[in-house]
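Subject: Structure for you to look through

Hello,

Here is the structure I promised to pass on to you, and I would be glad if you could open it beside this message. My notes on what was found in it follow below the display.

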Amino acid sequence: MTSTVNSQMKHHTHISSKHKMLSLNLSEVWKYKDLIVLFTKRTFVLTYKQTVLGPAWIFLNPLISSIIYAFVFGGIAGIGTEGVPQLLFYLCSNAIWTFFSTCVTKNASTFTANAAVFGKVYFPRLTTPISNVLSSLIQFGVQMILVVVFLVYYLIKGAVSPNWLAWLAIPIELIHLGLFGLGVGIIISSMTTKYRDLSILVGFGVSLWMYITPIVYPISQLGDGFMKTILMINPVTAPVEVIRYAILGQGTIMPIYLAISWALTVIVMVFGIMIFNKVEKTFMDTV
């Protein structure tokens, strides 16, 4: 009888809302890794579940957008792409931006979109935004297949010269963008529990953000003036330039702005975790 009681006590789990504001509880999150995988699959599948073409939109969306960018910005506006074929330049830029923007927009609705689940059963709330980042990463990987196809084509033609060694930095900068997108997303999500207007402004704000990031134009088009400095301070600019430099062989990499971007990412993540941990205790009263 005693051994039975002791055996039961070893598997005791204590659930409490008294967590520190900076507590990540990574050990607990790791215990729910299967749930993260489940959420990741759910998010990815639901995005294209009730569409006629299904996952084909992962290819069609960036391809159509890139053709439009090439026509408007390359053809009409006459914006150069540093010698890189326009379609390849926009496909690569679009894949990077889609990854970041999806991390932000999906995580911006973490509390409101999952209120029904959060209110019924306990699990680490951080598993949901992490799964959103992972599903965005899968989408990025699929889009990169299209980029690689065009990259091989232009390599054969001798129209592009990737920096193969710099490809080692791509995973690091994807983590960089994912963490920053996660931080921004959970901050917005925490605030939308009380201020629903923010959820309406997210899409508009992300669209504007794209134009102050060198996505549809290379940063070299701005010269060396004040405007270039402002855009380089943008935390998304440096990782975008690093990834594009690796894949396309063209880009502006300035270590000081990359360091600033990482510093801002850490600040945003810390603040995001603090406000996320605070709101998750009481958000059911306001959602």
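**The chain as a whole**

Of the contacts in the chain that join residues at least 6 apart in sequence, 80% are between residues at least 24 apart. Please keep in mind, as you read on, that this is a predicted model. The chain contains 13 helices and zero strands, and, read from the N terminus, its elements run α-α-α-α-α-α-α-α-α-α-α-α-α. The chain has 287 residues, of which 45% are buried, while its accessible surface comes to about 15100 Å², with 69% of that belonging to carbon and sulfur atoms.

**The nonpolar core**

The largest nonpolar core holds 67 residues, and those with the most contacts inside it are Leu88, Trp97, Phe100, Val147, Val216, Val236 and Ile247. Helix H5, which covers residues 86-107, supplies the largest share of this core, namely 13 residues. If you would like one residue to start from, Val147 touches Leu88, Leu91, Cys92, Ala95 and Ile247, once residues up to four places away in sequence are left out.

**Asn94, His176 and Glu82**

Asn94 lies in helix H5, and it counts as buried because its relative accessibility is 7%, where the cut-off for buried is under 20%. Leaving aside neighbours within four places in sequence, Asn94 is in contact with Asn61, Pro62, Ser65, Ser66, Tyr69 and Gln143. Asn94 and Phe140 are 46 residues apart in sequence, and their C-alpha atoms are 9.6 Å apart in space.

His176 is part of helix H9, which runs over residues 170-192. Is His176 buried or exposed? With a relative accessibility of 0%, His176 counts as buried, and, not counting residues up to four places away in sequence, it touches Pro235, Pro239, Leu258, Ser261, Trp262 and Thr265.

Glu82 belongs to the loop between helix H4 (57-76) and helix H5. Most residues other than glycine have a negative phi, which is the background for the next point. Glu82 has a positive phi of about 55 degrees, although it is not a glycine. As for its surroundings, Glu82 is partly exposed, because its relative accessible area is 25% and partly exposed covers what falls between under 20% and over 50%.

**The cavity**

Rolling a probe the size of a water molecule over the atoms shows where empty space is left. How many cavities of 30 Å³ or more does a search of the whole structure find? The search finds one, and about 30 Å³ of space lies in the largest cavity. Its lining is made up of Met232, Ala238, Glu241, Val242, Thr252, Ile253, Met254, Tyr257 and Leu258. Helix H12 (237-248) and helix H13 (255-279) are the elements that give two or more residues to this lining, and H12 gives the most, with three residues. Sorted by class, the lining of the largest cavity has seven nonpolar residues, one polar residue and one charged residue. You may notice one name from earlier, as Leu258, a residue of this lining, is also among the residues that His176 touches.

With best wishes

Terms used. Residues numbered from 1 in each chain as written. Predicted model: local features only at pLDDT ≥ 70, side-chain atom pairs only at ≥ 80, totals over all residues. Heavy atoms only, no water. Core = buried A, V, L, I, M, F, W, Y, C linked by side-chain atoms within 4.5 Å. Buried < 20%, exposed > 50% of the residue type's maximum accessible area, 1.4 Å probe, protein only. Helix = DSSP H or I, 4+ residues; strand = E, 2+ residues; numbered from the N terminus. Contact = heavy atoms within 4.5 Å. 1 Å grid on protein atoms, 1.4 Å probe; cavity = no way out; pocket = protein on both sides within 12 Å on 5 of 7 lines; lining within 4 Å. Points joined across faces, edges and corners; volume = space filled by probe spheres on them. Nonpolar A, V, L, I, M, F, W, Y, C, P; charged D, E, K, R; others polar. Areas by Shrake-Rupley, 256 points an atom, 1.4 Å probe, with all protein chains shown as cover.
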